[in-house]
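Visitor: I would like to look closely at a single part, and I would rather follow one connected account than a list. Please begin with the terms you will need.

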Amino acid sequence: MARYVLYRLAMAVPLFLGAALLIFVAGHLAPGDPVQTLLGDRYTAATGAVLRHQLGLDRPLAAQFVDYLGQLATFRFGTSYVNPGLRVGDLLRTALPISLRLATLAVALAAIAGTVLGVTAATARGRPLDRLIQFGVVLGLSVPSFVTAAALVYLFALHLRLLPVAGWGHPADYVLPVTVLAVAPLAFITRIARSSVGQALLEDYVRTARSKGLRTPRVLFRHALRNAALPIVTTVGMAFGTAIVGAFVVEVVFNVPGIARVAVNAIFQRDYTVLQATVLVYTALFSFVNLAVDVSYAYLNPRVRY
Amino acid sequence: MALGVVLLLAVVAAGPWPAARAQMPQTFRTPLGGEAPTLDPYYAVDSASAPIVFLMYNTLVGLDAAGKLLPQAAASWDVSPNGLVYTFHLRDNMYFHSGRKATAADWKWSFERMGSPALKSPVGSVVVPGVQGYDAFQGGADGIAGITAVNPTTLRFVLNPARRGGFLNRLAYYAAVVLDKDVVGRGQGWYATQDAGTGPFILKEWAHNDHFTLAANPRYYAGAPKVATVSIPIVTEARTQLSEYLAGQLDFVPVPLGDYQRISADAKLKPELLVYPRAQILYLGLNPRVYAPFRDRRVRRAFAMAIDKARIARTVFFGFFQPANSFVPGGIPGAYKEYRGLPYDPAAARKLLDEAGVTGKLPPFRIAMNPFGPVAQMEAEPAAAMLKQNLGVDASLEKTEFSTFISNLNKRTVYQSFMTGWSADYLDYSDYLDILLYSTSPLNRLNYSNPEFDKLVDQANAAPNDAARIALYHQAEALMVEDGAVVPMLFSQFAYLKKPYVKGLRTSPAVNGWLPFDTVVIEK
């Protein structure tokens, strides 16, 4: 197991290099650059040239990339091109924990509620409750997050005045963004749990357990769920990754200073340093989550050996 | 197990809960639409940095709510009989936020930094080129000879006769401020934690992408501001700003165009609505370098006469914006309000196309829309439809995201035409005609080159007095509009919602629509 983990960590290095190269090239090849975007309507060739020189953007691409790799090796992410007073490391340090917190809470909520709903649906297979849950899943998957966000804000913040409209600081600020972000993963996890547990409930060992006289909860949680857990865990892992990246709409609507908003703004402003750093952070996150999910298989299913 | 992993991550990710933004008494809360890329006034040309700079710094002269000039750092000034020597008598009680008194020497240093050839800051072209010795300074001379700090409270400017026009108006430019050179001397990024200003508010906190907190300056020359703190959260979505205002989390917000009618019809919100003119022109720029038929003046005029701006203003913008026949908006001193421009006359337009021999032969026409905000598209759609209907030209629209749009605009060889706008940074004719249409202006993206227009602008800049200057500018403006260089579309307005307990807020047609908040009082 330890060897496997080390092997995966070693494989991450070329992965990061590849990601760094890809995003570096893509960013610089896109039309527009941070200087033109920054100066906007007041851009002139002369002003632009001086700024570009200050930022080192007039050097050949290869030289810039080598410099960049050198900085990365010492974990220095540089300063933002659009906001030269801002160190990218500081930006990540403040924005990333917020997104992680948001994503973790959302996925935790989705995982617990989704599993419960999925198990309920699986045991009530074919009956009205199951149909209702399935309908809920379809809704959750098809309604876009900004619609859900708008509806919840209207109801809870403006109409009932129970929660704040937007912002980040109070515990109350977490409720709506986490709820909205949890909707899609909840739908996915419910669906997977329902089919996976439903499948497990058809197995012979469940019939044996029942005929032994075991009560349903024990059958479910001690036997069926453990066997059905693998697909659910995979989905939870994927959901976590998507929640970090896909939180953009939630972060914009609820004004949460998280990393998804930072990343998308960096794309629009062509802020190469911030963009490159956020892509590498995402790569690291996804790699870690995938590794965690893979490692968990060995615990959930003793037949899996690395 | 999976739950365990998730919970572990939660523990790892959870840090200290950030302190809630307490609603303290005497805090004025208004949002900003985006993160400010800089707080160096000489680089603050975007709509996020400019308002913050406006609150923390002072200019020699300022503006009142009607856009008229007022003394600010200069208590008074004398102008020589030939109009070329301005002597400013500075106040003796202006202090930098660091504690040091601001003197004429600081102003000289600041203007020289503004026009420094090493920095080439984007604000450097506004005030300093009009001063004697600027060209030598660009060539390597030590300082600008035309600016003299006669004594700590007397600052003298000798102007270059060829570029003397609108000097006082230019000095009111929000970026023509005095800087504390000790703070600036800290090096790159000096503005991140401290401001170098003398203004009514001091930078207390800048949480990137989150909020600004400004504290009142107790030593402000005009008296300490009545609000202790200005809290400026960064809220990128206009609708979210509105929702926060309705929920009582903000005191003063802009009204998104799409919500204007609903709010002005709402009995509870209508009294809180502030509507007033904005010094902004929305126009369609015609680029003859890319769309060949535009090389014939008649074709440009035909296009201009085929678009019914009054109807667009009435129906699409529900009368909230005004149709523009001239180019320079009201709010600019001397604006040509009575000018009728080119009429809406589709028959005459078709006749012009006949004369030019292009009827039925016009190649497909594309309008590139500025993606910033919904306005460009709201105007471009009816405009394209009218061109199709009235002239038979196959007009279509294109839109890309902002970076690409700006990059293409700067190339000058990509867009056949573009629907965009221009807002006043300082209230003067030169901010419009010189900057956008003079043939050698680096910001002329229309490839418009008319020697007669250039001559009129040169004469205006060298004019001996304001009346003569404005008269010449009127001629230049008329010439440019008749020439069909652009199709002026609309003059816009500001619409803000302000809570009834906020008193003393002054509005302005320039920048973001308000004057610094030192007169604001919260009466709760």
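Guide: Two strands are said to pair if DSSP finds at least two bridges between them, strands being DSSP runs of E with at least two residues and helices runs of H or I with at least four, numbered from the N terminus. The model is a predicted one, in which local features need pLDDT of at least 70 and side-chain atom pairs count only at pLDDT 80 or more, while totals for chains, interfaces and linings use all residues. Residues are numbered from 1 along each chain as its sequence is written, and chains are lettered from A, with ligands numbered from 1, in the order in which they are written.

The part to examine is the strand pairing of chain B, beginning with an open sheet whose 4 strands follow the order β1-β10-β9-β8 with mixed pairing. At its edges stand β1 (27-29) and β8 (201-207) of chain B, and because each has a single partner strand, one side of each is left without a neighbour in the sheet. Within this sheet, neighbouring strands are turned against each other by 20° on average, direction ignored; axes here are lines fitted to C-alpha atoms, for helices over the stretch in contact, and angles run from 0 to 180 degrees between N-to-C directions. Over 5 bridges, β9 (residues 211-216) and β10 (residues 229-233) of chain B pair in the antiparallel sense, and B:His211 has B:Pro233 of β10(B) as its bridge partner. Packed on this sheet is helix α2 (residues 49-56) of chain B, which touches β8, β9 and β10 of chain B and whose direction makes about 145° with that of β8(B), contact requiring C-beta atoms, placed from the backbone, to lie within 7 Å.

Chain B also holds an open sheet of 4 strands in the order β4-β5-β7-β6, where the pairing is antiparallel. Here β4 (74-79) and β6 (147-151) of chain B are the edge strands, each pairing on one side only, and neighbouring strands are turned by 20° against each other on average, direction ignored. Strand β5 (residues 85-90) of chain B is joined by 5 bridges to β7 (residues 154-158) of chain B, the two running antiparallel, and B:Thr87 stands opposite B:Arg156 in β7(B). Across β5, β6 and β7 of chain B lies helix α3 (residues 104-114) of chain B, which runs at about 170° to β6(B).

Methods. Two residues are in contact if their C-beta atoms, placed from the backbone, lie within 7 Å.
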